[in-house]
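Colleague: Before we go through this model, could you set each value against the definition behind it?

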Amino acid sequence: MKSYEVNFDGLVGPTHNYGGLSYGNVASQSNSQQSSNPKEAALQGLAKMKALMDMGFQQGVLAPQERPDVAALRRLGFAGSDAQVIQQAAKEAMPLLVASCSASSMWVANAATVSPSADTADGRVHFTAANLNCKYHRSIEHPTTSRVLGAMFADQQHFAHHAALPAVAQFGDEGAANHTRFCRAYGEAGVEFFVFGRSAFDTRYPAPQKYPARQTLEASQAVARLHGLREEGVVYAQQNPSVIDQGVFHNDVIAVGNGEVLFYHEDAFLETDRMLAELSSKLAKVGGTFQSVCVPRSAVTVDDAVRSYLFNSQLLSRPDGSMLLIVPQECHGNERVWQYLQGLTGSGGVIGEVKVFDLKQSMQNGGGPACLRLRVALNETELAAVNPGVIMTAPLYDSLTQWVERHYRDRMTENDLADPQLLLECRAALDELTQILKLGAVYPFQIN
Ligand code: SUG
């Protein structure tokens, strides 16, 4: 049976702004309080989805969330009408209003961890929504994420959904951003690679000194158990704590994998040789030949990687077996990175081509091409069971583009966030979106 990797991209929501909310994420911190352009952000994301679809890849779309999250503000004690809640928060606690307005759900690599059916004990595709416990503005995403994923992958014969892990730092889980799957073919059993930043219960593991390690070993292990993965099909590795302290807040900022290939920075992991040997022997047991492409620090520094987002790229398999790397424009702007990429594609190795995309609006908050997509490997039968409303087509691209043009502002500052009218605009837009994507009622304002 045919199988595919389907990339579901997060549609940027109408409140996209630079709130400076993510300590440890260099771009988010350095662009804090700049004015943003939600319309441009959404159109940049849609252009990437369309381009991948036009290249023949399976592409889907994942809806944004209801923001401002008035219910979250009410849980923090703000009261009255919705407009009063927003006005009171703007007056007394602007950072909380900003957090409740974040469009951070666009980075769907953090929405969930997904295990394809070929890896799981019950032969279904498993999803665990990420609790995103490290940052308040992200910790409020998972209830709606679960409802949206449930509406996209509704068929219980093929899809199993798990609630987010307990909402404490010991089980901090950031989803697919710290998870990669290696396989010979998408429909065959593979090796799932979980990368953690620290252990919550075992003090023998080192931890970063400056910035938080968002993913714990215990969270990764819990996800592997929930999904019914075999021990032989799982590898755990620790991220190098010193790169977290240099701004590598997720593993997908320093490594990316696809098929049988891991593309990574020399400084990305601890005990790299042991890890590579384990990946290689476990992939061999399911018929695969592991290949790694290491980028030496002499060619590209960790700082270059963080600034250019070289590794936050999409590594995609083409029908002829070669791979294509989708990188953000910032890679073109970094001389060392661009030179490295020229050498890489000219070397006759597996990564044969690089394509550059302008995702500046998202990049300024630390979200590159890989952050914006959730990968779901599906066989033909499973793909047919996905809600067809969320699969990208030329007409859907046109409808979504027109929808963005109609509903989005082209400038967003703190004054806009404090404007109660924004909530009404966003709800009107999202109500229409759920019809376009045939999701049913998924937002708090639609179900309460
Ligand atoms: O969680 N930025 C996101 C970026 C997530 C990137 N995802 C992956 N690497 N997979 C984060 O830090 C910034 C929001 C703000 O500051 O307005 C933010 O949430």
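Colleague: How many positive and negative side chains does the protein have, and how far apart do the centres of the two sets lie?

Modeller: This is a predicted model, in which local features need pLDDT of at least 70 and side-chain atom pairs count only at pLDDT 80 or more, while totals for chains, interfaces and linings use all residues. Residues are numbered from 1 along each chain as its sequence is written, and side-chain values use heavy atoms, with hydrogens and water left out. The protein has 36 positive and 46 negative side chains, with the two centres 2 Å apart; Lys and Arg count as positive, Asp and Glu as negative, and His and the chain ends are not counted, each charge being placed at NZ of Lys, CZ of Arg, CG of Asp or CD of Glu.

Colleague: What makes the radius of gyration agree with that of a compact globule?

Modeller: The rule, over C-alpha atoms, is 2.2 Å times the number of residues to the power 0.38; for 448 residues this gives a value near 22 Å, and the protein has 21 Å, so the two agree. The C-alpha atoms fill a box of roughly 60 × 45 × 45 Å along the principal axes.

Colleague: What share of the residues counts as buried?

Modeller: Of the 448 residues, 61% do, buried meaning under 20% relative accessible area with a 1.4 Å probe and protein chains only.

Colleague: Which residues touch the most other members of the largest nonpolar core?

Modeller: Among them are Phe 8, Leu 262 and Phe 269, in a core of 108 residues, where a core joins buried Ala, Val, Leu, Ile, Met, Phe, Trp, Tyr and Cys through side-chain atoms within 4.5 Å.

Methods:
Buried means under 20% relative accessible area, exposed over 50%, partly exposed in between (1.4 Å probe, protein chains only).
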